[in-house]
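Work through the exercises below with the structure open beside you, and try each task before you read its solution.

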Amino acid sequence: MRTTPGSTRSWLRAHPLVSDSILAVVLTTASLWWIASTGPDEGAGWLRSVPPRPADALNLILAAACTLPVALRRSRPFVLLVATCVPQAALDALHYDPGLSEFGGLVLLYSVAVCRGLALSLAALVLSFSSYAAGAVAGVITPSWTDHVVVTAVLLLCWVCGRAVRLRRAYLAELVQRADRLERAREADTRAARAEERSRIARELHDVVAHHVSVMTVQAAAARKMLDTKPDVARDALTAIEEMGRTAMAEMRSIVGVLRTDGPAERGPQPGMHDLPTLVEQMREAGLRTQLWIEGERRGLPPGVDLAAYRLVQEALTNSLRHAGPPPAPG
């Protein structure tokens, strides 16, 4: 299995202890190599007026104690920053070559600014300035005004960069949470819309089935009574039943067709108030005495209102046909 740079970065991001340990090992190795390869005759070094003492085991141990804690910089950065001040002060007090031990303190200061709140990060910045100032006052290091400016700028830069990264991460986390909330709200709205649509379709199916089945039942009863005495009337009733069944199937396909996902839906115009004459004629054929009066100027209605009004009239006529029934046929 081949490993790409992107997958390696993702793996290291998911295992921060590994990347921090690598950083600590690299920094410690470079610091110890610097101490071992630099002799006392090569100068006093930055911030120091006298040459350092020859390197020995204690020098290497103290220098390593300043950089190895970087491996745990994400878990307890402030505690480790306080702990590294002790070997750093010992290096300065014993006039040992510090190597790259100061970089360990800078990394821990940055880590406190990234991983902790504003108060603790300010305390870490004050601690770093205090450690530097204590060495200058004690005469262990002899910085100039230029050195003061450089050290102050470096410490502030590490702190500001850490705070900027923390604020950026908080902003991105807020964006992710907001996106999650919007997604959950959208899913809730979708579920509510689906439930409302299912309820509407159920009402439509109930109205269509109840109306047409009621009419077909009445027509079938009339056909059964007239089958022996008046076969022509029974034939007409059976024809009406057939037409009513086809109409019911067409309307149900039109309603349920919107739920199909495997192909285009079979859609048709929804009934409205303009279909009332046809509805009244169906009721008359079923034997219900029905009359329709149209007064005034016909106006267009919104589709939802038009369909609801039609269904109300249809339901009323269906209930009348179901409960009152057609008048008895003359004997």
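The exercises that follow move from the whole chain to single helices, then to pairs of helices and one loop residue.

**Exercise 1. The overall make-up**

Find how many helices and strands the protein has, and what share of its residues is buried.

Solution. Keep in mind throughout that this is a predicted model. Counting the elements gives 10 helices and 0 strands, and from the N terminus on they run α-α-α-α-α-α-α-α-α-α. Of the 331 residues in the protein, 30% are buried. Turning to contacts with a separation of 6 or more, we find that 77% of them join residues 24 or more positions apart.

**Exercise 2. Checking the length of two helices**

Compare the span of H5 with the span expected at 1.5 Å a residue, and then do the same for H4.

Solution. The expected span is 1.5 Å times one less than the number of residues. For the 15 residues of H5 this gives 21 Å, and because the end C-alpha atoms are 22 Å apart, the two values agree. H4 has 17 residues, for which 24 Å is expected, and the distance from its first C-alpha to its last is 24 Å. Just after H4 comes histidine 95, whose phi is positive, at about 60 degrees.

**Exercise 3. What covers H4 and H5**

List the buried residues of H4 and H5, and name elements that cover them.

Solution. Begin with H4, residues 77-93, where the buried residues are Pro77, Leu80, Leu81, Thr84, Pro87, Gln88, Leu91 and Asp92. Their cover includes H3, H5 and H6. In H5 the buried residues are Ser101, Gly104, Leu106, Leu108, Leu109, Ser111, Val112, Ala113 and Val114, and the cover there includes H2, H3, H4, H6 and H7. When reading such lists, recall that an α-helix has 3.6 residues a turn, so residues three or four places apart point the same way.

**Exercise 4. Three pairs of helices**

Describe how H5 packs with H7, how H3 packs with H4, and how H7 packs with H9.

Solution. Two packed helices are described by the angle between their axes and the distance between the axes.

Step 1. The axes of H5 (residues 101-115) and H7 (residues 145-226) come within 7 Å and cross at roughly 30 degrees. Since angles under 35 degrees count as roughly parallel, H5 is roughly parallel to H7. Their crossing is right-handed. Residues of H5 in this contact include Leu106, Leu109 and Tyr110, while those of H7 include Val154, Trp159 and Arg163. The residues of the contact divide into 12 nonpolar, 1 polar and 3 charged.

Step 2. The axes of H3 and H4 come within 8 Å and cross at roughly 145 degrees, and this crossing is left-handed. On the H3 side are Asn59, Leu62, Ala63, Ala65 and Cys66, which meet Thr84, Pro87, Gln88, Ala90 and Leu91 in H4. Here the division is 7 nonpolar, 3 polar and no charged.

Step 3. H7 and H9 have axes 10 Å apart and pack at an angle of about 30 degrees, and they are therefore roughly parallel to each other. His211, Val215 and Gln219 in H7 meet Leu279, Gln282, Met283 and Glu285 in H9, a contact that divides into 3 nonpolar, 3 polar and 1 charged.

**Exercise 5. A residue in a loop**

Locate leucine 288, and decide whether leucine 288 is buried or exposed.

Solution. Leucine 288 lies in the loop between H9 (276-285) and H10 (303-324). Because buried means under 20% relative accessible area, its value of 12% makes leucine 288 buried. Its C-alpha atom is separated by 9.7 Å from that of threonine 318, which is 30 residues apart from leucine 288 along the chain.

How values were computed:
Residues are numbered from 1 along each chain as its sequence is written. This is a predicted model: local features need pLDDT of at least 70, side-chain atom pairs count only at pLDDT 80 or more; totals for chains, interfaces and linings use all residues. Side-chain values use heavy atoms; hydrogens and water are left out. Axes are lines fitted to C-alpha atoms, for helices over the stretch in contact, and angles run from 0 to 180 degrees between N-to-C directions. Helices (H or I, at least four residues) and strands (E, at least two) are DSSP runs, numbered from the N terminus. Angles under 35 degrees count as roughly parallel, over 145 as roughly antiparallel, 65 to 115 as roughly perpendicular and the rest as oblique. A crossing is left-handed if the near helix is turned anticlockwise from the far one by less than a right angle, and right-handed if clockwise. Contact means heavy atoms within 4.5 Å. Ala, Val, Leu, Ile, Met, Phe, Trp, Tyr, Cys and Pro count as nonpolar, Asp, Glu, Lys and Arg as charged, and the others, Gly among them, as polar. Buried means under 20% relative accessible area, exposed over 50%, partly exposed in between (1.4 Å probe, protein chains only).
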